[in-house]
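Subject: Structure handover

Hello,

Here is the structure we talked about. Please load it first, then read the notes below.

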Amino acid sequence: MTGNPPIHPIGRVLTGIREAIPPVWLMRQAGRYLPEYRAVREKSGSFLELCFNPKSAAEVTLQPIRRFGFDAAILFSDILVVPHALGQRVDFEEGVGPKLDALKVIAAVARLPRHIDQARLEPVYEAIERVKSELPRTVALLGFCGAPWTVATYMIAGGSSADQVPARLFAYRFPDAFAQLIEILVEASATYLIRQFNAGVDAVQIFDSWAGVLPAAEFGRWCIEPCARIVAAVRNEIPQANIIGFPRGAASELDRYLNDVAVDAISLDWTVELGFAREQIQSRRPVQGNLDPLALLVGGAALDRSVDAILDAFSNGPFIFNLGHGILPETPVAHVERLVARVRGANN
Ligand code: CP3
């Protein structure tokens, strides 16, 4: 990285510059709503095999860029490759979601290795190199990881769980073992992100998808502190590293998150009120967001109205247009085309 202004709009926004036309990308932009993704997915074996096949992972990363001309490509992978690299069994069952060997007792945490097995993640770094070599220089390449709390909820529950009850119970019952797990994930995530930067990503996003279920006191300990430490560890190696934080569902805690986590920008979920976000958040840091994925699914007037409200709220400051969470598999491709055109200034 150099001292020159970044060549791509996303990088400029992340350094606090307002772009006249806001750059746009969508969380989960590579995925099942795209026929070309489904075609690659069908011949790739399991979901994890796709994630760990550098050629195919690079291909599906590039698909939405070719189709829509987004301003960022996000590496095709999953947050659960980190538990996999810690030796936990991770499978994705068709129509069910992720399945892991649940960490039920203190001893299961104690048995985890202290460090991730980087050899298991080599295919991810190779995918990054491949995408980077094919991506136009005006398009940013984003890497990512899950935040320790969110990843821990899957490791403890053994998959998705309503209100993340198993992890919350574990953290109350066995706070020292839970702290140890978070500690392992902080180190694993930081080294994983550093390697992603070394392989060629321009910025990374830390997904704390389940930040919103914690009481305020627990939020500080399990979301803010670990994320702050990851950011510090990454910047220790790569001082200019651009990092986006996404503490989903934590609108009432955003002020504290911004005080303590030195992210360059904050990704807002769709519940965050636009006036509040403009006055209290965008005045402090560039924002990204925050269209309701259901408005995109529905399309038409509901989509146009929602897009316009977001553009009105954020266009006077540094801003990246995005969804407030991942795109849904049922979303029509035409609605995504309409969204991109509207963000770029076509009003009908
Ligand atoms: O954004 C992108 O396009 C990049 C790829 C990406 C995926 N997962 C691909 C994926 C990213 C950034 C993720 C992050 C992720 N994975 C999160 C954090 C963001 C969020 O959505 O909250 C979480 C919690 C996971 C864990 C995960 N992965 C779950 C719960 C599931 C099953 C639910 C589902 O949507 O199927 C996955 C599977 C997954 N990850 C798919 C994709 C494209 C679908 C699997 C398939 O194609 O068969």
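**Ligand contacts**

Gln29 has a polar backbone atom 3.1 Å from an oxygen atom of the ligand. Keep in mind that this is a predicted model. Ala30 also contributes through its backbone: one of its N or O atoms lies 3.3 Å from a ligand oxygen atom. Arg41 uses its side chain instead. An N or O atom there is 2.9 Å from an oxygen atom of the ligand. How much of the ligand does the protein bury? Taken alone, the ligand exposes 870 Å², and 89% of that is buried by the protein. There are 23 residues around the ligand. Those that come nearest are Arg28, Tyr37, Asp78, Ser209 and His325.

**The sheet**

Next, the strands. Seven of them form an open sheet, and the pairing is parallel. The order is β1-β4-β5-β6-β7-β8-β9. Which strands stand at the edges? They are β1 (72–74) and β9. Each has a single partner strand, so one side of each is left without a neighbour in the sheet. From one strand to the next, the twist averages 25°.

**Around β5**

Strand β4 covers residues 140–146, and strand β5 covers residues 203–208. Five bridges join the two, and they run parallel. Two pairs give the register. Phe144 has Gln205 of β5 as its bridge partner. Cys145 stands opposite Ile206, also in β5.

On to the following strand, β6 (residues 242–247). β5 and β6 run parallel and are joined by six bridges. Gln205 appears again here: its bridge partner in β6 is Ile244. Between these two strands the chain crosses through helix α11 (residues 216–237). This β-α-β crossover is right-handed.

Is β5 enclosed or open? Six of its six residues are buried, so the strand is largely enclosed by the rest of the structure. Its side chains split two ways. Ala203, Gln205 and Phe207 point one way from β5. Val204, Ile206 and Asp208 point the other way. All of these residues are buried.

**Around β8**

Strand β8 (residues 287–291) is mostly covered, with five of its five residues buried. Strand β7 (residues 265–267) runs parallel to β8, and two bridges join them. One pair to look at is Ile266, whose bridge partner in β8 is Val287. The chain goes from β7 to β8 through helix α13 (residues 274–282), again as a right-handed β-α-β crossover.

β8 also pairs with strand β9 (residues 319–323). That pairing is in the parallel sense and spans five bridges. Within it, Asn290 has Asn322 of β9 as its bridge partner.

**A loop residue**

One last item. Where does Glu253 sit? Its place is in the loop between β6 and α12 (254–260). Is Glu253 buried or exposed? Its relative accessibility is 14%, and the cut-off for buried is under 20%, so Glu253 counts as buried. The side chain of Glu253 makes a polar contact with the side chain of Arg256, at 2.9 Å.

Best regards

Definitions and conventions
Residues numbered from 1 in each chain as written. Predicted model: local features only at pLDDT ≥ 70, side-chain atom pairs only at ≥ 80, totals over all residues. Heavy atoms only, no water. Buried < 20%, exposed > 50% of the residue type's maximum accessible area, 1.4 Å probe, protein only. Helix = DSSP H or I, 4+ residues; strand = E, 2+ residues; numbered from the N terminus. Pairing = 2+ DSSP bridges. Right-handed = clockwise from strand over helix to strand, strands pointing away. Axes fitted to C-alpha atoms, helices over the stretch in contact; angles between N-to-C directions. Near = heavy atom within 4 Å. Polar contact = N/O pair within 3.5 Å; in protein donor to acceptor, adjacent residues only side chain to side chain. Areas by Shrake-Rupley, 256 points an atom, 1.4 Å probe, with all protein chains shown as cover.
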